[in-house]
Each structure stands twice: as C-alpha cells, then as structure tokens.
Amino acid sequence: MNSTISNIGSEITGIITHDKKTLQKISEEERMNEFLDSILLKKRQISKQTAVFKKLDSLFTDLTWYDASNEEEEGLIKDVITKAKKYHSKFIRSYASLRKELWQKNIGREEISEFKEALDDLEDSIYEVEEIFFTLRKDDEFNKIMNSL
Amino acid sequence: MKVYLTDEFIAEVKNLLRNKAYSDCEEAIILEIFVKSSQEIRVGSKRLGGSPNDSPFLRKRIKPVGKGKSSGYRLYFWILIQENDIYLLYIHPKTGRRGGGNITSQKQRELVGTFKEVRDTDLCGEVKLNETSDKIIYLVNKAEVFP
C-alpha cells in the first residue's frame, strides 16, 4: 500500500512537475512567439511606411515634369508642400520614437535605417519642389537664359 | 546615346576622386548614365527647367554602390531627347567634407549658361564607357577621363 501510495505520489508529482515544466515551456515559447510576431509585425509596418515615403517621393519628382500654368495650380502645389512638410514632421517624431523603442534594443535596425533614408529623401524632394516652382522657375534671369537656348 | 562632359564637371569629379570618401564617384556616374537608356535616366530625375519632351534640364540623386541615396551625389545634367545627347554639367556629394545641400539658384543659372556656351561652341568632349576597364574614356583618343 505504502509502496503504491509512494508510487502513485511519485507519479502524480512527476506528472505535475513535468506538466508544470511543459506548461512553463509552452508558455515561454508562446510568449517568445508573440514577442517575435510583434517584432515582425512592427518591422513590416515600418517597411510599409517606408514604401509610402518612396511613393510620395516619386510623386513629388513627377510634379516637376509639369509647369504650373496658373495661380490655381500654384496654389495646389503650395498646399501639397505645406501638407507634406507637416507629414514629414510627424514622421520625424515617429522616427525618434523608433530609435528610442527599437533601435536601442537592436531591433529592426535595417528597417529603421531605410525608413529614415526614405524620410530624408522625401524631405529633400519637398524642398526641391518648392525651390523649383517658387524660386528657380520664377527667377527672371534663369528664365531669360532658358529662353535664349 | 552620346555623353558629353563639361570642363567644370570633369574638374569637380577629379576633385572628389582625390578624397577617399568619394572614390566611388566615377562608378556611381557609370551606373547611372552609361548603362542606362535616356528614358531610364529620366526616371527619378527632377526637372529644373527646359522642355519636358525635348530638352529637360535635370537634377538626380545618384547613389554609390551599397549605400543609400541620401549619402550619394546630386547630378545636374541636360538631355537633348531628339539628338539622344546628354550633357553632364555638375555633381556634388550630399554628405561629407565636400557635401552639402543643393546648389543655389545662382549656380543653377550658371550651369544653364555653361550648357548654352558648350552647345553653341561645340567645346564639350564626348566620352564613352570602356567596358573592359569600367572607366570613362574620351572618344577622340581613348584616354581615361579620370585616370
């Protein structure tokens, strides 16, 4: 009887112990998986946002292939530039938080670098477009030389 | 496509190549200009002025191999679409000791003036790519432009 109780007790203890270990292991695995999933998700979100910056950059480049033929079109370009500057400022703040939350933990560095690079390029484009439409093409001397060609 | 370099462009690239940080400059130019069609070159270029369909004056970000565009160069050039000619007028790096923001309107005016002058006087040297050595060479005597 004692032996049986002892055996059963050992078996129960074994199961509980084993089960506990198994549960802990699964739980840790799950936690780890959730953690890894969240990193992957975050990386995907960053890359998706980077693609949006690149698309915007390309659209700003496309704008320069047109001439603003009237005040309405100039107004539209000014409006787009103003909105894009605000958009850029907003994502510079996002970048600062990505640096703080992920970069310093060595997470998603490649994606964050690409994010920043695309954001810098977009900023470049916004200011370039502003300069092209409202400084360069309004410059009498520039236009005079252009017309002489 | 015929490629022409102004004296100013050649001098600027030579200056850059003296600095180790910009030793990839010629390679970046080759990749962007010499192995692409006129149509491909126009993609991603911003038009500063000129006729979009005939002779656009352009600025483009070009990148050295393995680096992002932000750390690359800004190339100023003119394409004569009908003639299939391209004139490289100026280049500057975005970052580093010789780097900086985009050039001033005054400088851009000067570049247009330079283009007009070289086009009118036919003073611009035509170059091509030596595919064996991956170097830009003068068409007339096959000498390397950036030895």
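**Strand pairing in chain B and charged contacts with chain A**

In chain B, B:Y4 sits opposite B:Y87, a residue of β5(B). This pair belongs to the contact between strand β1 (residues 2-5) and strand β5 (residues 85-93) of chain B, which run parallel and are joined by four bridges. The model described here is predicted, with an ipTM of 0.87 and a pTM of 0.83.

Strand β1(B) also pairs with β6(B), here in the antiparallel sense and over three bridges. Within this pairing, B:V3 has B:V127 of β6(B) as its bridge partner. B:V127 in turn stands opposite B:Y138 in β7(B), so a walk across the sheet can be made from B:V3 to B:V127 and on to B:Y138. As a general point, side chains in a regular strand alternate between the two faces of the sheet.

The pairing of β6(B) with β7(B) deserves a closer look. Strand β6 (residues 125-130) and strand β7 (residues 135-138) of chain B are antiparallel, and four bridges hold the two together. Four residues lie between the strands of this hairpin, and B:D134 takes a positive phi near 55° there.

Turning to charged side chains, 22 salt bridges are found over all chains of the structure. One of them links B:K94 to A:D124, with 3.1 Å between the closest N and O atoms. This salt bridge crosses between chains: B:K94 lies in the loop between β5 and α4 (105-121) of chain B, while A:D124 belongs to helix α3 of chain A.

Chain A also carries a negative surface patch, made up of A:E28, A:E29, A:E30, A:E34 and A:D37. Of these residues, A:D37 is placed in helix α1 (residues 2-63) of chain A.

How confident is the prediction, and where should some care be taken? For chain A, the mean pLDDT is 85, and 83% of the residues reach 70 or more. Confidence in this chain is lowest in α1(A), with a mean of 78, and highest in helix α3 (residues 109-134), with 93. For chain B, the mean pLDDT is 89, and 92% of the residues reach 70 or more. Among the elements of chain B, the lowest mean pLDDT is that of α4(B), at 87, whereas β7(B) has the highest, at 96. It is worth keeping in mind that predicted coordinates should not be read in detail where pLDDT is low.

Terms used: Residues are numbered from 1 along each chain as its sequence is written. Chains are lettered from A and ligands numbered from 1 in the order in which they are written. This is a predicted model: local features need pLDDT of at least 70, side-chain atom pairs count only at pLDDT 80 or more; totals for chains, interfaces and linings use all residues. Side-chain values use heavy atoms; hydrogens and water are left out. Two strands pair if DSSP finds at least two bridges between them. Patches are made of residues with over 30% relative accessible area and no salt bridge: like charges are joined within 9 Å, nonpolar side chains (Val, Leu, Ile, Met, Phe, Trp, Tyr) within 5 Å. Accessible areas come from the Shrake-Rupley method with a 1.4 Å probe; for residues, only the protein chains shown count as cover. A salt bridge is a side-chain nitrogen of Lys or Arg within 4 Å of a carboxyl oxygen of Asp or Glu. Lys and Arg count as positive and Asp and Glu as negative; His and the chain ends are not counted. The place of a charge is taken as NZ of Lys, CZ of Arg, CG of Asp or CD of Glu. pLDDT is the predictor's confidence in each residue, from 0 to 100.
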